[in-house]
Amino acid sequence: MKWLSTCKETSVLASRAMDGRLPFADRMALRLHLAVCENCARFNRQLQEMRRLFREAATTDDHAAGLSAEARQRIATGLQDKSDT
Amino acid sequence: MDTLDAQTWLADHGDYLFRVARRQLHSDELAEDAVQETLLAALSAQTRYAGNASPRTWLTAILKHKIVDLIRRSVREVEIPCDADGEEAVDLLFKQDGHWAEPLRPWGNPQAEAELGQLRRVLDECADRLKPVMAQVFSLREVAGMETEEICKELGITPTNCWVLLHRARLFMRQCLELNGFSKAGAA
């Protein structure tokens, strides 16, 4: 086994670490690589930043475009039909 | 209680529900379906609506299930891209020896520097550029905060497929955000 994982392998580990606890060996490989590789350390920080930004954007309503007039009409008609039956 | 309530819900909360759905489904059409199915379900279930939650909270809870249903259906319709599809795009980001092809540029503080609306637009545009299933799995995880296990179970895909999709989605999203003005000299 190589003593250091590649950046590509590390990107897989960093991503999986965002989704749950890694097995011990993977965790160590990730930590070791992040300690010596500026790019991967940055990648890892940006993954977390990305999550924060997406969650923040999703939890505040932006009052951007809503339903189109056509879609609204279609849904209203659908509701009307359903209650008529 | 009759359709009047459902029509009122549509008028009062339709746009909000649409935006929530749009952000996770990455398709106007699917988001409209989600709103319609939510209101229809609400209409049939309204006797069970105890009124102890606000209508918006109640409708949003129904919407969550409808979003997962719609994603499950769209996942069935397409092959999960766990093979060559997307692998080549990933390969472009790395050199043969596994190093990054390009150094990663630091991001500034997007929150402070960009107007929130602008930031949102970039996030949405980049997510919309992913393959639909990839964008949907990414959103269930990163936007809705569902656990990976739950996503796999709901969508009937293996954890390995899920991790592959998420890894690719994250690589592409990061790249897209960098190309769209997230990179700034001298920070994070």
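How many residues of chain B are in contact with chain A, and how many of chain A with chain B? Hi everyone, that's where I'd like to start, and please keep in mind that this is a predicted model.

So, the count: 45 residues of chain B touch 38 residues of chain A. On the chain B side, the elements that put in two or more residues are α1 (3–25), α2 (28–45), α6 (116–129), α7 (132–143) and α9 (159–182). The largest share there belongs to α1(B), with 10 residues. If you sort that side of chain B by class, you get 24 nonpolar, 10 polar and 11 charged residues.

Okay, over to chain A. Helix α1 (residues 7–17) and helix α2 (residues 24–36) of chain A pack at about 115°, and their axes are 10 Å apart. The crossing of α1(A) past α2(A) is left-handed. Who's in that contact? From α1(A) we have T10(A), L13(A), A14(A) and A17(A), and they meet D26(A), A29(A), L30(A) and H33(A) of α2(A). By class, this contact has 5 nonpolar residues, 2 polar and 1 charged.

Now hold on to D26(A) for a second, since I want to pair it with E49(A). In sequence the two are 23 residues apart, and in space they're 22 Å apart, C-alpha to C-alpha. E49(A) sits in helix α3 (residues 38–59) of chain A. Is E49(A) buried or exposed? Somewhere in between: E49(A) counts as partly exposed because 19 other C-beta atoms lie within 10 Å, and buried would take 20 or more.

That's my tour, thanks!

Terms used
Residues are numbered from 1 along each chain as its sequence is written. Chains are lettered from A and ligands numbered from 1 in the order in which they are written. This is a predicted model: local features need pLDDT of at least 70, side-chain atom pairs count only at pLDDT 80 or more; totals for chains, interfaces and linings use all residues. Helices (H or I, at least four residues) and strands (E, at least two) are DSSP runs, numbered from the N terminus. A residue is buried if 20 or more other C-beta atoms lie within 10 Å of its own, exposed if 12 or fewer, and partly exposed in between; C-beta atoms are placed from the backbone. Axes are lines fitted to C-alpha atoms, for helices over the stretch in contact, and angles run from 0 to 180 degrees between N-to-C directions. A crossing is left-handed if the near helix is turned anticlockwise from the far one by less than a right angle, and right-handed if clockwise. Two residues are in contact if their C-beta atoms, placed from the backbone, lie within 7 Å. Ala, Val, Leu, Ile, Met, Phe, Trp, Tyr, Cys and Pro count as nonpolar, Asp, Glu, Lys and Arg as charged, and the others, Gly among them, as polar.
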